[in-house]
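Hi everyone, thanks for making time for this. I'd like to walk you through one model today, pockets and strands included, so let's put it up on the screen.

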Amino acid sequence: MKLHEFQAKSLLASYGIPVPKGFVATTVQEAEALFDRLGGSRYVLKAQVHAGGRGKAGGVQLVGTREEFIAAAKALIGKRLVTAQTGPQGVLTRRILVEEATPIAKEFYLGIVIDRKISLPVVLASPAGGMEIEEVAKENPSALLREPIDPFKGPDPSQSQKIARHLGLPSLNGAVHTVLSSFSKIFLEKDLSLLEINPLVLTKENTLIALDCKMSVDDNALYRHPELSSLQDREEENPKELLAQEVGISYIALDGNIGCLVNGAGLAMATMDVIKLYGGSPANFLDVGGGADQNQVREAFKILLSDEKIKAVLVNIFGGIMKCDVIALGILAALKEVPLRVPLVIRLEGTNVEFGKKMIADSGLEIIPADTMDDAAMKVVAAAHGRSE
């Protein structure tokens with residue numbers, strides 16, 4: 001689950017990391033009132049949307065006069081912001097963050113993620129702040145320092161000194177250690193999957209301030225953090241993903257045109273890989289899990305068929321705890337409620353597979369059976385391209 005910048009900064013501040021003074025506005029009138037309330041000479045107005053690349057897309061405006069301020073608020077609030085991450089449809093800006101402009105001397109990048117190869121959180125630090133970190137890693141890998149940290153103790157002073165030197169801030173070891181300690185504490189205590197401050201800036205007064213922040217919470221840990229789950233902006237989420245959460249299945253929308261209904265994350269990844277291998281493109285990651293019931297399968301199938309861009313659907317099930325006949329019952333129940341408007345390929349293996357296959361065969365529906373992963377992938381890719389295989 002992603003947090004908005006203003007929410008993430010509020011959390012940073014609660015852990016003692018300095019952030020600019022700012023307030024949120026949802027209307028131009030609210031924004032105008034903030035012009036006098038902040039009482040500064042320069043302001044930054046920032047669209048609050050769950051998408052990166054806002055600055056390049058005009059979603060961050062630096063202004064001085066009241067006229068510029070009001071014009072920027074009108075240009076942002078209620079308008080669709082199109083960035084490299086949103087696609088051409090863009091996202092609606094429902095609120096903006098208004099802050100006093102910060103006098104910047106230098107900009108840095110600070111991030112923390114889980115490195116699954118070593119099963120540890122890793123701090124990422126770069127003196128090239130304000131840039132997309134992917135570009136930094138690609139164009140100048142040596143500029144990006146990776147420092148694994150102990151999840152029980154956090155960063156030690158020697159690691160903070162190493163990071164401070166890398167950032168060119170050896171004289172601010174203490175300040176860097178304070179920020180880094182709080183930074184990693186937030187990540188670990190709140191079960192985050194991503195935490196970025198970009199940029200972390202050194203002001204002309206020689207202090208460190210978090211000028212921007214991205215924060216994502218591990219969905220699997222949200223039950224432990226009601227204070228964070230209550231911050232979810234459902235208007236920014238994919239409606240299909242929200243519906244899937246409600247019925248207890250995993251759904252992630254992708255850019256392709258082949259719907260996938262699979263049980264088990266490993267099988268889901270393998271299914272998407274084999275579809276790509278045969279020239280297709282998955283439209284989603286949909287995992288009904290190992291113990292889904294008939295209702296969850298029915299709802300999963302309805303979610304798939306509600307996607308207008310889907311040209312074909314592949315059901316790929318290996319029945320262990322999940323029985324093939326339960327999958328078949330769920331699919332047939334869904335097709336009574338939602339017309340089958342695209343080709344459907346089904347491959348079943350495992351517990352009660354013969355019962356499941358017989359139910360599908362006896363349904364009278366135009367369903368394409370498949371025996372192996374390769375067979376299923378070839379057939380669904382062909383069907384999506386409008387040809388027989």
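**Two pockets and a few strands**

Let me begin with the lining of the second largest pocket, whose residues split into 18 nonpolar, 10 polar and 14 charged. Please keep in mind that this is a predicted model.

The space in that second largest pocket comes to about 1,200 Å³. Which of its 42 lining residues are the closest to the centre? They are Gly 53, Arg 54, Asn 198, Asp 212 and Lys 214. Several elements each supply at least two residues of this lining, among them strand 3 (43–47), strand 8 (104–115), helix 4 (133–139) and strand 11 (192–203).

Two of those elements, strand 8 and strand 11, also pair with each other, in the antiparallel sense and over 8 bridges. If you'd like one pair to click on, take Lys 106, whose bridge partner in strand 11 is Leu 202.

Strand 8 has another antiparallel partner as well: strand 9 (residues 120–126), with 7 bridges between them. There, Gly 111 stands opposite Leu 124 of strand 9. How many residues lie between strand 8 and strand 9 in their hairpin? The answer is 4, and in the turn Ser 119 has a positive phi of about 55 degrees.

Now for a single residue, Glu 5, which you'll find in helix 1 (residues 5–14). Is Glu 5 buried or exposed? Its relative accessible area is 5%, so Glu 5 is buried. The side chain of Glu 5 makes a polar contact of 3.2 Å with the side chain of Gln 48. Leaving aside residues up to four places away in sequence, Glu 5 touches Lys 46, Gln 48, Arg 54, Leu 97, Glu 99, Leu 211, Asp 212 and Cys 213. You may recognise Arg 54 and Asp 212 from the list of residues closest to the centre of the second largest pocket.

Finally, over to the largest pocket, with a volume of about 1,600 Å³. It is lined by 39 residues, and the closest to its centre are Glu 237, Asn 238, Glu 241, Ile 252 and Ala 253. The elements giving two or more residues to this lining are strand 6 (91–92), strand 13 (213–217), helix 8 (239–247), strand 14 (250–253) and strand 16 (284–287). Strand 13 is also one of the elements that supply at least two residues to the lining of the second largest pocket. As for chemistry, the lining of the largest pocket has 14 nonpolar, 14 polar and 11 charged residues.

That's my tour, and I'm happy to take questions!

Key. Residues numbered from 1 in each chain as written. Predicted model: local features only at pLDDT ≥ 70, side-chain atom pairs only at ≥ 80, totals over all residues. Heavy atoms only, no water. 1 Å grid on protein atoms, 1.4 Å probe; cavity = no way out; pocket = protein on both sides within 12 Å on 5 of 7 lines; lining within 4 Å. Points joined across faces, edges and corners; volume = space filled by probe spheres on them. Nonpolar A, V, L, I, M, F, W, Y, C, P; charged D, E, K, R; others polar. Buried < 20%, exposed > 50% of the residue type's maximum accessible area, 1.4 Å probe, protein only. Polar contact = N/O pair within 3.5 Å; in protein donor to acceptor, adjacent residues only side chain to side chain. Contact = heavy atoms within 4.5 Å. Pairing = 2+ DSSP bridges.
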